Amino acid sequence: METVVSGIRPTGELHLGNYFGAVKNFIQMQETERCFFFIADYHSLTTHPTPENLHQNVKRVLINYLAAGLDPEKATLYIQSDVPEVTELYLLLNMNAYLGELMRVTSFKEKARKQPNNVNAGLLTYPVLMAADIIIHKAAKVPVGKDQEQHLEMTRTFANRFNRMYKVDYFPEPQAYNFGQELIKIPGLDGSGKMGKSEGEGNAIFLSDPPEVIRKKVMRAVTDTGPTQPNQPKSEPVQNLFTLLSVLSSPDTLAYFEEQYNKCTIRYGDLKKQLAEDIIQINAPMREKMLQLEKDEIYLRKVVTTGAEKARESAQKTVREVREIIGFKSF
Ligand code: AMP
């Protein structure tokens with residue numbers, strides 16, 4: 001059993017891309033590994049949310065992940081700011097994190113370009129906080145997307161640097177978690193690229209969308225004027241709909257519409273109706289659970305307090321040992 005850590009951005013509702021691209025893997029991992037999943041609310045302060053938004057977002061994300069199948073009995077699910085030990089390790093790691101290397105991080109350069117009026121120190125030291133989040137549990141594996149690979153490399157740098165500096169073999173080198181299969185990319189409904197919440201209205205289907213919203217979004221998905229000759233290659237928007245069918249519908253359904261397409265008898269309206277109903281089927285139990293959880297403050301409180309207790313136990317042990325290694329001694 002390996003220790004796995006993954007951060008969750010508190011950015012509101014989960015969409016089908018998040019679910020099939022990330023959350024389903026978490027659900028699988030929690031069965032076999034020692035998993036820590038945390039909602040990264042300290043990290044989110046770099047963009048200065050209002051207090052109301054911060055809390056609302058954390059709560060939405062918590063409800064979404066629980067409804068999607070994260071099991072607090074199997075994994076340690078906690079809110080980052082409930083584990084203040086993280087900030088102590090972050091401070092200690094900051095002493096050996098250098099301005100030059102932090103300034104070269106791609107995501108920092110991008111953020112600095114996007115928000116030139118808010119290039120705060122938290123943004124610069126984001127990879128140090130991320131390293132603290134990971135190595136505080138001495139994680140071996142981190143499930144990361146492509147955009148996080150450079151951050152994980154920095155985590156290894158900070159962990160190794162600490163070991164070298166104090167001549168210890170204390171922190172393991174965390175590696176990217178390999179799911180053993182190709183990562184699925186879920187396309188959006190607007191005809192290009194992938195599903196994402198910042199891609200514009202109607203591109204993404206959220207797990208919380210009610211059936212009528214799902215039908216409306218799918219029916220409005222971009223298509224083309226239809227094939228004019230047998231076995232014609234598909235345009236990108238149509239290929240996207242077929243990709244969605246391949247993930248979300250039965251193999252028979254996919255085969256049926258493939259055949260219709262290849263024979264030029266396809267009616268995109270029929271395909272969309274079927275796709276919408278299949279999505280509704282997948283979403284229904286999660287949406288129902290979400291509505292239940294929204295009303296169950298007592299359960300939510302229990303989840304986060306139990307998660308914080310378990311996470312703090314692991315974090316306190318690390319910080320105690322790190323303090324000893326560094327040379328903090330009690331009088
Ligand atoms: P985001 O909501 O962009 O912060 O995404 C969180 C995680 O969800 C990413 O790291 C990906 O693993 C996954 N994800 C987001 N969008 C998609 C998508 N369209 N297809 C597959 N995976 C996705």
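The following legends describe three close-up views of a predicted model.

**View 1. The two domains of the protein chain and the contact between them.** In this predicted model, the protein chain is divided into domain 1, which is made up of residues 3-184 + 297-326, and domain 2, which covers residues 197-291. To the contact between them, domain 1 contributes 14 residues and domain 2 likewise contributes 14 residues. The C-alpha centres of domain 1 and domain 2 are 34 Å apart.

**View 2. The crossing of helices α11 and α12.** Helix α11 (residues 236-248) and helix α12 (residues 251-262) have axes that come within 9 Å of each other and cross at roughly 155°; because angles over 145 degrees count as roughly antiparallel, α11 is described as roughly antiparallel to α12. The crossing of these two helices, α11 and α12, is left-handed. On the α11 side the contact is made by Val 238, Phe 242, Leu 245 and Ser 246, and on the α12 side by Thr 253, Leu 254, Phe 257, Glu 258 and Tyr 261. Sorted by class, the contact of α11 with α12 comprises six nonpolar, two polar and one charged residues.

**View 3. Ser 314 in helix α14 and the residues that it touches.** Ser 314 is found in helix α14, which runs over residues 297-326. With a relative accessible area of 13%, Ser 314 is classed as buried, because that term applies under 20%. When residues up to four places away in sequence are not counted, Ser 314 touches Arg 34, Phe 36, Ile 136 and His 137.

Note on methods:
Residues numbered from 1 in each chain as written. Predicted model: local features only at pLDDT ≥ 70, side-chain atom pairs only at ≥ 80, totals over all residues. Heavy atoms only, no water. Axes fitted to C-alpha atoms, helices over the stretch in contact; angles between N-to-C directions. Helix = DSSP H or I, 4+ residues; strand = E, 2+ residues; numbered from the N terminus. Parallel < 35°, antiparallel > 145°, perpendicular 65-115°, else oblique. Left-handed = near helix turned anticlockwise from the far one by under 90°. Contact = heavy atoms within 4.5 Å. Nonpolar A, V, L, I, M, F, W, Y, C, P; charged D, E, K, R; others polar. Buried < 20%, exposed > 50% of the residue type's maximum accessible area, 1.4 Å probe, protein only. Domains from an automatic or database assignment.
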